[in-house]
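The following exercises ask the reader to work through one structure step by step. Each task is followed by its solution.

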Amino acid sequence: MTDKEIKRYFNTSALGFFAYAIMIQILAIVAVILIQWLFPDFASSAMYYSMMISVIPSMLFLYFLFRNSNIVSLPNNIPEASFSLPVFFHYFVIFCGVQWISAIFTMPFIFLFENLGLDLSYSEMAAQGGELNDVPMLIYTILVAPVVEELVFRGIFYKRFKAFGPFFTALTCSLFFALIHSNFLQFIPAFMMGFVLFSIRNKYGLRFSILLHVTNNALAILVNNLGARLPWISYVYGFLLLGGAVYTIVHLVKNRAGLSVFFPKEEEKRTIRLFFRSPLVWLDILILVLLAIMILFNPGTEALATTV
């Protein structure tokens, strides 16, 4: 493919992602209005009901948009590795460690926003989830959101970009995954965790990245709720995150020779440059960052700015 054809392919991909993000917003807004009008008793959970209603048709739209237009990658003839409980625990501990490391990088933004007097309440709520007795929240956060996110970012976009190499695929899928959250407190964690989810998906299959994502969301909701009443749970979880960070760093150092597959090769570097020279990619970044800024300055607009 020529550079022009590759950039057109990336612009089409970015346009599809933008349409997916906007479709979620529009359907969610319509659903919130209808729920509050037709079912006022469910108004308090309208946001989560609306997201359940909006994300699935948006995902199907994206699937049918791209299903016959992906560049087919050459088969690598390497079967998926055998998955086991120790393998899952390995990735889970790394996932926890990446969350701790990403929290360090997020702290300067929190410090900046707090000193500017911005209200981080919605951003924190979106990152932590709600109460255990909120059934729609539990269904959406633990089941619907992680399954849909994996099907979209480690499914649809993974296949869309796979032909350009593993690093490029991990980078672009993780970037889109971070942007769709429209939350400054989740940008860096989502981006970094996207690489872990890519790794397990690439080696073991999509169903295992879904399993890891579901497990993480369920544990986070449980800890955020029980930790307030039982402080030792928060302490144990904190040690798990810190221990995971140490384990992750040690693992990366010990296995650095085998990590070359995740570094961009010369052809991938060229492809990355073309990707970030595609105007519609920057349109996606600009609009979704502006949406996150709008939520920071107007936290009351969360019902109109729900994301996956």
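The bend at a residue is the angle between axes fitted to the seven residues ending there and the seven starting there. The model is predicted, with pLDDT of at least 70 needed for local features and 80 or more for side-chain atom pairs, while totals for chains, interfaces and linings use all residues. Residues are numbered from 1 along each chain as its sequence is written, and side-chain values use heavy atoms, without hydrogens and water.

**Exercise 1.** Describe the course and the burial of α7.

*Step 1.* Helices are DSSP runs (H or I, at least four residues), numbered from the N terminus. α7 has 21 residues and spans 30 Å between its first and last C-alpha, close to the expected 30 Å (1.5 Å times one less than the number of residues).

*Step 2.* At Ala190, α7 bends by about 25 degrees.

*Step 3.* Of the 21 residues of α7, 15 are buried (under 20% relative accessible area, 1.4 Å probe, protein chains only).

**Exercise 2.** Examine what flanks α7.

*Step 1.* Asn183 caps the N-terminal end, with a side-chain oxygen 2.9 Å from the backbone nitrogen of Leu185.

*Step 2.* His181 lies in the loop between α6 (166–180) and α7 (184–204). His181 counts as buried because its relative accessibility is 11%. A polar atom of the His181 side chain is 2.7 Å from the backbone oxygen of Phe177.

*Step 3.* Just after α7, Gly205 adopts a positive phi of about 120 degrees.

Note on methods
Helices (H or I, at least four residues) and strands (E, at least two) are DSSP runs, numbered from the N terminus. Buried means under 20% relative accessible area, exposed over 50%, partly exposed in between (1.4 Å probe, protein chains only). A polar contact is a pair of N or O atoms within 3.5 Å; within protein, one must be able to donate a hydrogen and the other to accept it, and residues adjacent in sequence count only if both atoms are side-chain atoms.
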